[in-house]
Amino acid sequence: MKPADYESLTAAQAIAYQQELRLQVKIETLDKPIRIIAGADISFNKFEETVYAGIVLFKYPQMEVIGHASAVSSTKFPYISGLLAFREVPALLDAWNKLEIKPDLMVLDGQGIAHERRLGIATHFGLITDVPTIGSAKSRLRGKYEEPANELFAQSRMYDRDEVIGIALRSKKNCNPIFISPGHRVSMAQSVEIIKNCIRGYRIPEPTRQAHILVNQIRVEHKDKSQLSIFGITL
DNA sequence: GCGACAG
DNA sequence: ATCTTGTCGC
């Protein structure tokens, strides 16, 4: 199954595919050094099928931006909780293929294994590109956890039954926690350490924060361009 | 049946 | 996710 064919899947088929992919997920220690890290995100206008995907590259752990790539794509797959990857991965893959340099690890906006079938978007993307990934979500999808103390980097485990599927991390004091989980080919402990190293005074870690800024401005520019054409203005 | 529900 | 001004708290 190719990401380009996700559009034709029904929700039931998508779930069945996740059950297949689940068997290939590797949550293990990454022993290769991380020199380049990337952040990825998607933006779109409500009610429209166009999606804007972007990936930003950073030197790690300095976190200096060293490059980026983006792609404008289209999808008919609706947003369904638990099936986010089928809507966003195809566009992200387009941006990924345009990348001059491939990162050693990528941070995605969403869950890794902190998912009902352990197949959040970060896990899904890592699996099909064979790149180590980490999921950094702004809200919880799955798992019970206790509120982390209101101190920088306070954390608490997220449980699904007896399994630890993620960590609720206070990335900034007086802000709600973010939810970290390994996506593919990295461990839980590494995932949290790496994300902590990516925090630069904001609640959202730099990789996804910068990727979000990138795709948002691309979307707005694209919107301005289509608005101008309505008025018959050409540039 | 009811509540929950990444982006 | 996106639409949006002010506003309350650290």
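Is D41 buried or exposed? In this predicted model, D41 has a relative accessibility of 6%, and because buried means under 20%, D41 counts as buried. That makes a good starting point for a walk through the structure, which takes in a pair of annotated residues, two DNA strands, a glutamine in a loop and an enclosed helix.

The UniProt record, an unreviewed entry, places the feature "binding site" at D41 and D109. The two positions span 69 residues in sequence, yet their C-alpha atoms are no more than 5.9 Å apart, so they gather at one spot. Both D41 and D109 are included in the lining of the largest pocket. D41 is part of strand β1, which covers residues 36-44, while D109 belongs to strand β4, residues 105-109. With a relative accessibility of 18%, D109 also counts as buried, because the cut-off is 20%.

The surroundings of these two aspartates can be followed through their contacts. Leaving out residues up to four places away in sequence, D41 touches Y52, A53, G54, L92, D109, A211, H212 and V215. On the same basis, D109 touches A40, D41, I121, S136, K138 and T208. The two annotated residues therefore appear in each other's contacts, as heavy atoms within 4.5 Å count as a contact. One of the neighbours of D109 deserves a second look: the side chains of D109 and K138 make a polar contact at 2.9 Å.

K138 also leads to the DNA. A polar atom in the side chain of K138 lies 2.6 Å from a phosphate oxygen of DNA strand C. The residues around this strand are S43, F44, K46, K138, N174, H212, N216, R219 and K223. H212, one of the residues touched by D41, is thus found here too, because a residue with a heavy atom within 4 Å of the strand is counted as near. Where on strand C do the atoms within 4 Å of the protein belong? Sugar or phosphate holds 90% of them, and the rest belong to bases. Individual contacts include one from S43, where a side-chain N or O atom is 2.8 Å from a phosphate oxygen of strand C. N174 instead places a polar side-chain atom 3.0 Å from a sugar or linking oxygen of strand C.

Which elements build this surface near DNA strand C? Strand β1 and helix α5 (206-230) each supply at least two of its residues. The largest share, 4 residues, comes from α5. By class, the surface near strand C divides into 1 nonpolar, 4 polar and 4 charged residues.

DNA strand B has its own set of neighbours. It is surrounded by 18 residues, and the closest are Y79, G82, I121, K138 and S139. For this strand, sugar and phosphate account for 52% of the atoms that come within 4 Å of the protein. A side-chain N or O atom of Y79 is 2.5 Å from a phosphate oxygen of strand B. Bases are approached by backbone atoms: a polar backbone atom of L83 is 3.5 Å from a base nitrogen of strand B, and a backbone N or O atom of L84 lies 3.2 Å from a base nitrogen of that strand. The surface near strand B has 7 nonpolar, 7 polar and 4 charged residues.

S139, listed among the closest residues to strand B, also has a partner within the protein. The side chain of Q111 reaches the backbone oxygen of S139 at 2.9 Å. Q111 sits in the loop between β4 and α3 (121-129), and at 9% relative accessibility Q111 counts as buried. Beyond its neighbours within four places in sequence, Q111 is in contact with several residues, including G120, I121, A137, S139, R140, F179 and S181.

The last stop is helix α4, residues 188-197. Of its 10 residues, 7 are buried, so α4 is largely enclosed by the rest of the structure. The buried ones are M188, Q190, S191, V192, I194, I195 and K196. They pack against β1, β4, β5 (133-137), β6 (155-160), β7 (163-169) and β8 (178-184), and this list brings back the strands of D41 and D109. At the N-terminal end of α4, S187 acts as a cap, with a side-chain oxygen 3.0 Å from the backbone nitrogen of Q190.

How values were computed
Residues numbered from 1 in each chain as written. Chains lettered and ligands numbered in written order. Predicted model: local features only at pLDDT ≥ 70, side-chain atom pairs only at ≥ 80, totals over all residues. Heavy atoms only, no water. UniProt positions renumbered as here; feature names shortened; annotations may be inferred. 1 Å grid on protein atoms, 1.4 Å probe; cavity = no way out; pocket = protein on both sides within 12 Å on 5 of 7 lines; lining within 4 Å. Buried < 20%, exposed > 50% of the residue type's maximum accessible area, 1.4 Å probe, protein only. Polar contact = N/O pair within 3.5 Å; in protein donor to acceptor, adjacent residues only side chain to side chain. Nonpolar A, V, L, I, M, F, W, Y, C, P; charged D, E, K, R; others polar.
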